Amino acid sequence: MTTARTSEGEELIPVYIMGKCYMVPPSLTIMKAMEWAGYKLIRGVGCRGGFCGACATAYRIQGDPKLYFGLACQTVVQPGMYLAQLPFFPARRASYDIAQLEPTPTTLFSLYPELLRCLGCGTCTKACPQEIDVRAYMAAGMRGDIAKVADLSFDCIMCGLCAARCPAEEAQYNIAILARRLYGRYLAPRSRHLQERLEEIRAGKFDEAIAELKSLSVEELKARYEARDIEPA
Ligand code: SF4
Ligand code: SF4
Ligand code: FES
């Protein structure tokens, strides 16, 4: 029996998409393997770089009962992978006007009372493709520690995988983004230098210099850029 190979000599491997077996090159990501197999991706794809969270995928490997999770644009295929994409996860999202809220534990608990139901089981942490300790930020949320939730969830890309298997039916990422919004608007330390510079800009201190820059040609701008002062490393 001959083994199927790519033109570069790679041996093709079997993966299952929507229950159908396809032979694909082993070096592809799940997303590229789906396209190699002929799927045109319209939903469940966005940045292709691991940032937008649109390509959440659950999969099993033949002969292994464990359920795995990953981003389709980042996870490389394995032989015998059974793939199921989750382009959208219908988790509850509270409506609010951030300008009307106070950065207090009561705000978290009143918009997301289910937060207090978290069992601390850690299933969410195991599912997170960003390796965020979701359980830890949920525990911080239960303590009403908005700054800690914001810090621990900083790398969240809103893919929804943590919510997919939560036995307490939490929408962890929606709670986390509320905490980051509250932190960013009300709690993050303000830079005094930034405030001073903004006041200088508003007072017109740089108007003349900006007008001059805007009058220059691209070549003149490039020459100015090359000749700029750079602080020594
Ligand atoms: S999966 Fe749900 S119940 Fe378990 S720790 Fe995470 S948020 Fe809490
Ligand atoms: S915390 Fe949840 S929504 Fe955010 S990246 Fe991790 S699994 Fe995805
Ligand atoms: S396509 Fe954006 S994270 Fe995968």
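## A three-domain chain with two ligand shells

Ten helices and five strands make up the chain. Keep in mind throughout that this is a predicted model.

**Overall build**

Let's start with the whole chain. Its radius of gyration is 24 Å, whereas a compact globule of 233 residues would come out near 17 Å. Along the principal axes, the C-alpha atoms fill a box of roughly 75 × 55 × 35 Å. Of the 233 residues, 25% count as buried. If you look at contacts with a separation of 6 or more, 57% of them come from residues 24 or more positions apart.

The domain assignment splits the chain into domain 1 (13-85), domain 2 (100-187) and domain 3 (192-223). How many Å separate the centres of domain 1 and domain 3? Taken over C-alpha atoms, the figure is 48 Å.

**The β1–β2 hairpin**

Now for the N-terminal end. Strand β1 (residues 13-17) and strand β2 (residues 20-24) run antiparallel, and five bridges join them. One pairing to look for is Ile17, whose bridge partner in β2 is Lys20. Two residues lie between the strands of this hairpin, and Met18 takes a positive phi near 50° there. That's a positive value in a residue other than glycine. Met18 sits in the loop between β1 and β2. Is Met18 buried or exposed? Met18 counts as exposed because it has 12 C-beta neighbours inside 10 Å, and the cut-off for exposed is 12 or fewer.

Just ahead of the hairpin, Glu8 belongs to the segment before β1. Glu8 has 7 C-beta neighbours inside 10 Å, so it counts as exposed too. Glu8 and Leu71 are 63 residues apart along the chain, and 26 Å separate their C-alpha atoms.

**The two ligand shells**

Next, the ligands. Here's how the residues around each one break down by class:

| Shell | Nonpolar | Polar | Charged |
|---|---|---|---|
| Ligand 1 | nine residues | four residues | two residues |
| Ligand 2 | eleven residues | four residues | no residues |

Which residues come nearest to ligand 1? Of the 15 around it, they are Cys118, Cys121, Cys124, Cys166 and Ala168. Two elements, α3 (123-127) and α4 (134-142), give two or more residues to this shell. α4 gives the most, with three residues.

Ligand 2 also has 15 residues around it, and Cys128, Cys156, Cys159, Cys162 and Tyr173 come nearest. Here α6 (161-164) and α7 (172-187) each supply at least two residues of the shell. No charged residue turns up in the shell around ligand 2, while the shell around ligand 1 has two.

**Another positive phi**

One more backbone angle to check is at Met158, where phi is near 60°. Like the angle at Met18, this is a positive value in a residue other than glycine. Where is Met158 found? Look in the loop between α5 (146-152) and α6. That same α6 supplies at least two residues of the shell around ligand 2. Met158 counts as partly exposed because it has 14 C-beta neighbours inside 10 Å; a residue needs 20 or more to be buried, and 12 or fewer to be exposed.

Notes:
Residues numbered from 1 in each chain as written. Chains lettered and ligands numbered in written order. Predicted model: local features only at pLDDT ≥ 70, side-chain atom pairs only at ≥ 80, totals over all residues. Pairing = 2+ DSSP bridges. Helix = DSSP H or I, 4+ residues; strand = E, 2+ residues; numbered from the N terminus. Near = placed C-beta within 6 Å. Nonpolar A, V, L, I, M, F, W, Y, C, P; charged D, E, K, R; others polar. Rg over C-alpha atoms; globule rule 2.2 N^0.38 Å. Contact = placed C-beta atoms within 7 Å. Domains from an automatic or database assignment.
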